[in-house]
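Grab a pencil and try a few short exercises on the structure shown here. Have a go at each task before you read its solution.

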Amino acid sequence: MTDTDDTAADSDRAAASDAGGADGGTIEIRLENLAKRFPGQREPAVDDLTMEIPKGEIVILVGPSGCGKTTTMKMINRIIEPSSGRIFLDGEDVTKVNPDQLRRRIGYVIQQIGLFPHVSIANNIATVPKLLGWEKKRISERVDELLEMVGMDPGQYRDRYPKELSGGQRQRVGVARAMSADPDVMLMDEPFGAIDPITRDRLQNEFLRLQERIKKTIIFVTHDIDEAIKMGDRIAILREQSRIAQFDTPERILVNPADDFVADFIGRGASLKRLSLSRVRDVELHQWPTVEQGAGHDEVHRLLEGSDKSAVLVLDSQRRPVKWVNADHLRRAGHGRPLSELGLPAEAVVQPNATLSDTLNEMLSARYSTAIVVDSSNAYQGIVDIDTINETVRSLRRAEQGRLRRDDDVDDDEDS
Amino acid sequence: MSTTSDQIKATGVTSGAALDAGPRGRRSLAGYLFMPVVLALVLLLTYISVSRRDKDPTESKRLAFDYIVARTVEHLELTGASTVIVLAVAIPVGILLTRSFARRVTPFAIALFNIGQAVPTIGLLLIFAIVWRLGFEPTVVALAAYTTLPVLRNTMVGLTQVDAAVIESARGMGMTKLAVLTRIELPLAVPVIMAGLRTALTINVGTATLGAFVGAGGLGILIVSGFSSNHPYVTIIGGILVAVLALLVDYLAGIAEDVLRPRGL
């Protein structure tokens with residue numbers, strides 16, 4: 001790696017913090033020369049870390065195990081007291097304030113969740129509001145609101161105990177509990193780490209949707225670069241002793257890794273990973289012939305003849321996809337049978353905020369070459385097919401190569 | 001002397017019983033009724049045997065209803081008082097020894113309580129009789145010295161086995177150390193502490209018979225006097241009554257365990 005690359009990365013970082021300052025108003029968290037030396041260890045666990053975390057963003061700390069990412073995160077709420085350096089929260093130096101008071105302002109989710117097993121779900125969530133001395137009524141309203149927010153029915157769950165919940169539900173309660181007193185800052189230590197891959201994917205998506213609404217400043221620790229790319233507005237890739245190898249947006253890290261360490265950490269298939277960055281709403285949707293489920297077979301035949309597609313999409317009265325029907329299905333079924341009873345189920349349905357990577361996944365698991373895009377009320381919007389995804393991968397790769405070529409000539413003026 | 005970790009480990013029986021305990025209300029009604037019915041039956045048979053027996057004056061005196069009731073009350077007083085002392089010593093000390101600042105003194109403290117259990121109670125009673133006096137107080141102290149260790153051990157095990165993630169999340173939400181202890185650690189340790197206490201109580205009921213040797217009364221008098229005056233029938237009745245009392249106390253402590261175990265565990 002050459003000096004030019006480092007300079008480019010530096011200017012990116014400057015651009016990034018400027019942007020944060022512009023849209024979020026202020027920088028929420030600032031770590032200044034933070035260090036941690038554990039007694040009996042020669043090397044510091046975290047050495048001289050300086051970092052700014054913009055308001056309302058998810059910043060991921062990612063790195064190999066033992067790089068100090070968890071220690072770094074735990075110094076922010078002083079579960080681990082820093083040996084030196086300072087922590088600023090919204091401009092206020094919190095390095096020496098009462099740690100118990102400080103922690104009530106910061107949501108905290110750990111991998112094992114750590115719900116209190118002898119305390120009901122409602123009271124688990126009410127922990128911090130109770131510490132803050134909220135009124136009973138306000139607490140109970142807040143608990144119901146939070147349970148609904150994480151997609152759990154308050155009537156059904158508030159009086160249950162943690163052991164009566166599934167892993168995914170416990171995780172949701174953990175997130176709800178961390179948000180109970182509406183903290184501006186949340187610390188999340190591998191929050192989805194101990195959950196099966198399918199549930200993890202769903203929870204990640206739910207959490208991203210939630211974050212669009214709540215706009216918390218989140219520090220998120222993971223060792224999984226794919227999770228980092230999916231969840232992060234910004235990613236800090238850390239090497240030993242929490243030294244920042246690169247701190248940038250996922251796009252720029254994938255396109256322009258600062259050095260070999262980062263490139264190795266991202267691993268192969270960077271352009272495939274970028275499918276996690278592109279969303280369905282960013283690509284052009286195709287339109288397919290559609291028909292109401294009450295329509296007759298003749299109309300389907302007519303649509304098929306007038307189209308280059310081999311099947312029509314059957315929608316219900318609210319324009320929700322029901323079935324794929326082709327000429328073969330019609331012939332075999334004979335006249336009179338309603339369209340909703342024919343054909344193949346309309347699977348592989350995604351919403352516009354799904355990533356292309358999720359979409360591809362859906363297609364592969366449904367064994368279709370198309371995915372149906374629906375809006376938030378599940379009404380049909382259009383179709384993404386496998387060619388579109390293919391084309392996106394290709395153009396990403398072209399852009400990447402173009403970028404690398406340009407990097408050799410240009411240093412400072414990119415992204416400006 | 002064994003290592004610290006061995007010492008901290010609760011006796012297999014006590015902690016095993018606590019950790020294996022199923023969910024609350026695991027016992028059926030029949031399960032709850034079995035022991036009292038058996039004990040009532042034993043008492044009934046004993047009563048029939050005593051009332052039908054052609055008693056000599058010594059037996060008449062020792063086996064009179066009022067006399068037995070008075071001795072039983074003494075017995076329970078010895079047990080109760082020593083258990084209160086055990087609770088007052090073992091649980092606070094157990095809490096202190098599991099705090100991070102006490103890590104260095106823990107092995108020494110446990111060694112000290114080990115001595116209490118290693119010295120036989122009867123020996124302790126004799127020493128007290130020589131250097132202190134006879135009667136109720138030295139007996140209570142000797143009983144307490146013997147059963148402090150199991151309760152202390154179980155308190156420590158109960159506290160240290162609380163999931164570290166639960167404590168971390170509690171601290172991470174801004175609960176003070178004291179709040180974490182009283183609202184998280186102690187409630188979660190209750191089942192194990194109660195198991196230790198139950199063991200201590202049962203041991204105390206049995207050991208309190210030794211009080212008869214040093215004039216502290218109790219049901220031990222029946223056993224001792226029956227033995228010394230060559231009335232084996234009195235000894236046997238005394239033995240039966242002590243056994244019934246021990247089983248009854250154990251049974252009641254078992255119910256207390258079920259009731260006090262926090263919901264959700």
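The exercises below work through a predicted model.

**Exercise 1. Get a feel for chain A: how many helices and strands does chain A have, and what percentage of its residues count as buried?**

Start with the secondary structure: chain A comes to 17 helices and 17 strands. Next, burial: 39% of the 416 residues of chain A count as buried. Finally, look at the contacts between residues at least 6 apart in sequence: in chain A, 64% of these join residues at least 24 apart.

**Exercise 2. Work out why Asp47(A) counts as partly exposed, then find its contacts.**

First, place the residue: Asp47(A) sits in strand β2 of chain A, which covers residues 46–54. Now count neighbours: Asp47(A) has 18 C-beta neighbours inside 10 Å. A residue needs 20 or more to be buried and 12 or fewer to be exposed, so Asp47(A) lands in the partly exposed class. Then skip residues up to four places away in sequence, and you're left with Ala35(A), Gln241(A), Ser242(A) and Arg243(A) as the ones Asp47(A) touches. As a last check on distance, take Arg30(A), 17 residues from Asp47(A) along the chain: the two C-alpha atoms are 16 Å apart.

**Exercise 3. Describe how α11(B) and α12(B) pack: at what angle, and through which residues?**

Begin with the geometry: α11 (residues 220–228) and α12 (residues 232–260) of chain B have axes 7 Å apart and pack at an angle of about 160°. Angles over 145 degrees count as roughly antiparallel, so that is the label for α11(B) against α12(B). The crossing is left-handed. Now the residues: α11(B) brings Leu222(B), Ile223(B), Ser225(B), Gly226(B) and Phe227(B), which meet Pro232(B), Val234(B), Thr235(B), Ile237(B), Gly238(B) and Gly239(B) of α12(B). Sort the residues of this contact by type and you get six nonpolar, five polar and no charged.

**Exercise 4. Track down the largest nonpolar core: how many residues does it have, and which have the most contacts inside it?**

The largest nonpolar core holds 127 residues, and Ile60(A), Ile219(A), Phe220(A) and Ile237(A) have the most contacts inside it. The largest share of this core comes from helix α8 of chain B (residues 136–160), with 12 residues. Zoom in on Ile237(A): leaving aside neighbours within four places in sequence, its contacts are Val62(A), Gly63(A), Ala245(A), Gln246(A), Ile253(A), Val262(A) and Phe265(A). Apart from the largest core lies another, of 26 residues, including Val291(A), Leu313(A), Leu356(A) and Ile372(A).

Definitions and conventions:
Residues numbered from 1 in each chain as written. Chains lettered and ligands numbered in written order. Predicted model: local features only at pLDDT ≥ 70, side-chain atom pairs only at ≥ 80, totals over all residues. Helix = DSSP H or I, 4+ residues; strand = E, 2+ residues; numbered from the N terminus. Contact = placed C-beta atoms within 7 Å. Axes fitted to C-alpha atoms, helices over the stretch in contact; angles between N-to-C directions. Parallel < 35°, antiparallel > 145°, perpendicular 65-115°, else oblique. Left-handed = near helix turned anticlockwise from the far one by under 90°. Nonpolar A, V, L, I, M, F, W, Y, C, P; charged D, E, K, R; others polar. Core = buried A, V, L, I, M, F, W, Y, C linked by C-beta atoms within 7 Å.
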